[in-house]
Amino acid sequence: MALNKAKEIVSSFPVVIFCKTYCGYCRKAKELLTQLGASFKVIELDEEKDGDEIQSALTQWTGQRTVPNVFIGGKHIGGCDAVLETHQEGKLVPLLTDAGAIANTYAQM
């Protein structure tokens, strides 16, 4: 059940972050995406009644137990370090744009 729910959420939004309210790494990932102007869905696992089950399902699906657990365009990106590294490599904005999470302002010029 939890795995189906996680997959349904991931397929329904351009960007999804599974996180916990008290997690500093989660906050850092959310702040970066906000600074980039991305729209994203946040699932605070510590506020969901089935949060533990969802987190276990994410571990089965992705092999990652920790949060944040970030998906862009339906693809698993990883945690905070992976998101920051992808950004430093110049690959995050194109991923977000391709997923429809950031408006492509270059096409309007």
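Buried means under 20% relative accessible area, and Lys-20, at 15% relative accessibility, therefore counts as buried. The legends below describe close-up views of a predicted model.

**Figure 1. Surroundings of Lys-20 in the loop between β1 and α2.** The loop that holds Lys-20 follows strand β1 (15-19) and leads to helix α2. The side chain of Lys-20 makes a polar contact of 2.9 Å with the side chain of Gln-55. Leaving aside neighbours within four places in sequence, Lys-20 is in contact with Gln-55 and also with Cys-26, Glu-44, Leu-45, Asp-46 and Val-67. The C-alpha atom of Lys-20 is separated by 17 Å from that of Thr-34, and these two residues are 14 residues apart along the chain.

**Figure 2. Surroundings of Lys-30 in helix α2.** Lys-30 has a relative accessible area of 18% and is therefore buried. The side chains of Lys-30 and Glu-44 are joined by a polar contact of 2.8 Å. When residues up to four places away in sequence are not counted, Lys-30 touches Ile-17, Cys-19, Phe-40, Val-42 and Glu-44. Glu-44 is also among the residues in contact with Lys-20.

**Figure 3. Packing of helix α2 with helix α4.** Two packed helices are described by the angle between their axes and the distance between the axes. For α2 (residues 24-35) and α4 (residues 80-88), the axes come within 9 Å and cross at roughly 30°. Angles under 35 degrees count as roughly parallel, so α2 is roughly parallel to α4. The crossing of these two helices is left-handed. Helix α2 contributes Tyr-25, Lys-28, Ala-29 and Leu-32 to the contact, and helix α4 contributes Cys-80, Val-83, Leu-84 and His-87. By class, six residues of this contact are nonpolar, one is polar and one is charged.

**Figure 4. Packing of helix α1 with helix α3.** The axes of α1 (residues 2-12) and α3 (residues 51-62) are 8 Å apart, and the helices pack at an angle of about 80°. Angles of 65 to 115 degrees count as roughly perpendicular, so α1 is roughly perpendicular to α3. On the α1 side, the contact is made by Ala-2, Leu-3, Lys-5, Ala-6, Lys-7 and Val-10, and on the α3 side by Glu-53, Ile-54, Ala-57, Leu-58 and Trp-61. The residues of this contact divide into eight nonpolar and three charged, with no polar residue.

**Figure 5. The cis peptide bond between Val-67 and Pro-68.** The omega angle of this bond is about 0°. Pro-68 is found in the loop between α3 and β3. With a relative accessible area of 1%, Pro-68 is buried. Not counting residues up to four places away in sequence, Pro-68 touches Ile-17, Phe-18, Cys-19, Tyr-25, Cys-26, Ala-29, Gly-78, Gly-79 and Cys-80. Among these, Tyr-25, Ala-29 and Cys-80 also take part in the contact of α2 with α4. From C-alpha to C-alpha, Pro-68 and Cys-23 are 8.1 Å apart in space, and they are 45 residues apart in sequence. Val-67, the partner of Pro-68 in the cis peptide bond, is in contact with Lys-20.

**Figure 6. Surroundings of Arg-65 in the loop between α3 and β3.** The strand that bounds this loop, β3, spans 69-72. Arg-65 has a relative accessible area of 45% and is partly exposed. Gln-55, Ser-56 and Thr-59 are touched by Arg-65, residues up to four places away in sequence not being counted. One of these, Gln-55, makes the polar contact with the side chain of Lys-20. Arg-65 and Asp-81 are 16 residues apart in sequence, and their C-alpha atoms are 14 Å apart in space.

**Figure 7. Surroundings of Gly-74 in the loop between β3 and β4.** The loop that holds Gly-74 leads to strand β4 (75-78). Gly-74 counts as partly exposed, at 38% relative accessibility. With residues up to four places away in sequence not counted, Gly-74 touches Val-10 and Pro-14. Val-10 also belongs to the α1 side of the contact with α3. The C-alpha atoms of Gly-74 and Ser-39 are separated by 14 Å, and the two residues are 35 residues apart along the chain.

Note on methods:
Residues are numbered from 1 along each chain as its sequence is written. This is a predicted model: local features need pLDDT of at least 70, side-chain atom pairs count only at pLDDT 80 or more; totals for chains, interfaces and linings use all residues. Side-chain values use heavy atoms; hydrogens and water are left out. Axes are lines fitted to C-alpha atoms, for helices over the stretch in contact, and angles run from 0 to 180 degrees between N-to-C directions. Helices (H or I, at least four residues) and strands (E, at least two) are DSSP runs, numbered from the N terminus. Angles under 35 degrees count as roughly parallel, over 145 as roughly antiparallel, 65 to 115 as roughly perpendicular and the rest as oblique. A crossing is left-handed if the near helix is turned anticlockwise from the far one by less than a right angle, and right-handed if clockwise. Contact means heavy atoms within 4.5 Å. Ala, Val, Leu, Ile, Met, Phe, Trp, Tyr, Cys and Pro count as nonpolar, Asp, Glu, Lys and Arg as charged, and the others, Gly among them, as polar. Buried means under 20% relative accessible area, exposed over 50%, partly exposed in between (1.4 Å probe, protein chains only). A polar contact is a pair of N or O atoms within 3.5 Å; within protein, one must be able to donate a hydrogen and the other to accept it, and residues adjacent in sequence count only if both atoms are side-chain atoms.
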